[in-house]
Amino acid sequence: MARVHIADSHLHLHLSRAEKLQTLHSDLEVPLAHVVSVDPAHDLWPHLRGIRAPGTGIPRLLLLGTMRFKTGRDFCIAYAGKPGVIIRLREQKYERLLVATDSFEAAVALAAEVAAAKS
């Protein structure tokens, strides 16, 4: 499963080898100054938007990759039944990163960690 951590004033999204293959993407790095907010979510599915291209999707099971829509794109690592975080960005290739976590508590902790690192 993808891991998010903070180091050197950047938010790093590390993908597993399988996720790299399924998303056709490598790890992501975003300056913390470009992170607008990090919100925990009990379920990422209601927050998905657009059409997946490129990436891998199995309806209501997993969605890994870039979601394109009229005004931009999101990068998603979403699994059925998994909570996660919605990371809103500015001045970046993606408007949001939607990343599944092991638990809702982990999502809340990650949001708090990013908020603390930004202050």
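Q: How do you know that the side chains alternate along strand β3 (residues 28–31)?
A: Look at which way they point. L28 and V30 point to one face and are buried. E29 and P31 point to the other face and are not buried. Buried means under 20% relative accessible area, exposed over 50%, and partly exposed in between, with a 1.4 Å probe and protein chains only. This is a predicted model: local features need pLDDT of at least 70, side-chain atom pairs count only at pLDDT 80 or more, and totals for chains, interfaces and linings use all residues. Residues are numbered from 1 along each chain as its sequence is written, and side-chain values use heavy atoms, with hydrogens and water left out.

Q: What makes β3 and strand β2 (residues 10–14) a pair?
A: Two strands pair if DSSP finds at least two bridges between them. β2 and β3 have four, in the antiparallel sense, so they qualify. One residue of β2 that takes part is L11, whose bridge partner in β3 is V30.

Q: Why are β1 and β3 called edge strands?
A: The open sheet of three strands has the order β1-β2-β3, with antiparallel pairing. β1 (3–7) and β3 each have a single partner strand, so one side of each is left without a neighbour in the sheet. The twist averages 20° from one strand to the next. Such angles run from 0 to 180 degrees between N-to-C directions, with axes fitted to C-alpha atoms, for helices over the stretch in contact. β1 reaches β2 through five bridges, again antiparallel. R3 has H14 of β2 as its bridge partner.

Q: How many helices and strands does the chain have, and what counts as one?
A: There are two helices and nine strands. Both are DSSP runs, numbered from the N terminus: H or I over at least four residues for a helix, E over at least two for a strand. Along the sequence they follow the pattern β-β-α-β-β-β-β-β-β-β-α.

Q: What makes the pairing of the six-stranded sheet mixed?
A: Its order is β4-β8-β9-β7-β6-β5. The edge strands are β4 (35–41) and β5 (51–58), each pairing on one side only. Neighbouring strands here are turned by 15° against each other on average, direction ignored. Now check the directions. β5 and strand β6 (residues 62–69) pair antiparallel over six bridges. β6 and β7 also run antiparallel, joined by eight bridges. β7 and β9, however, run parallel, with four bridges. Both senses occur, hence the sheet's pairing is mixed.

Q: Which residues stand opposite each other in these strands?
A: G57 stands opposite L63 in β6. L63 has A78 as its bridge partner in β7. I77 stands opposite V99 in β9. β6 and β7 form a hairpin with two residues between them.

Q: What does helix α2 touch in the sheet?
A: Helix α2 (residues 104–118) packs on the sheet, touching β4 and β8 (84–89). Its direction makes about 160° with that of β4. Contact means heavy atoms within 4.5 Å.

Q: Why is the pair of F75 and Y94 called tilted?
A: A pair of aromatic rings is described by the distance of the centres and the angle of the planes. Rings of Phe, Tyr and Trp (its six-membered ring) pair if their centres lie within 6.5 Å; planes under 30 degrees apart count as stacked, over 60 as edge-to-face and the rest as tilted. F75 and Y94 are 5.5 Å apart, centre to centre, with 55° between the planes. That angle belongs to the rest, so the pair is tilted. A search of the whole structure finds one aromatic pair. F75 lies in strand β7 (residues 72–79) and Y94 in the loop between β8 and β9 (96–100), 19 residues apart. Both residues are buried.

Q: Why does R68 count as partly exposed?
A: R68, in strand β6, has 38% relative accessibility, so it falls between the buried and exposed limits. Leaving aside neighbours within four places in sequence, R68 is in contact with G50, I51, A53, P54 and R73.

Q: How do you know that the chain's radius of gyration agrees with that of a compact globule?
A: The globule rule is 2.2 Å times the number of residues to the power 0.38, with the radius taken over C-alpha atoms. For 119 residues this gives a value near 14 Å; the chain has 13 Å, which agrees. The C-alpha trace spans about 40 × 30 × 25 Å along its principal axes. Of the 119 residues, 39% count as buried.
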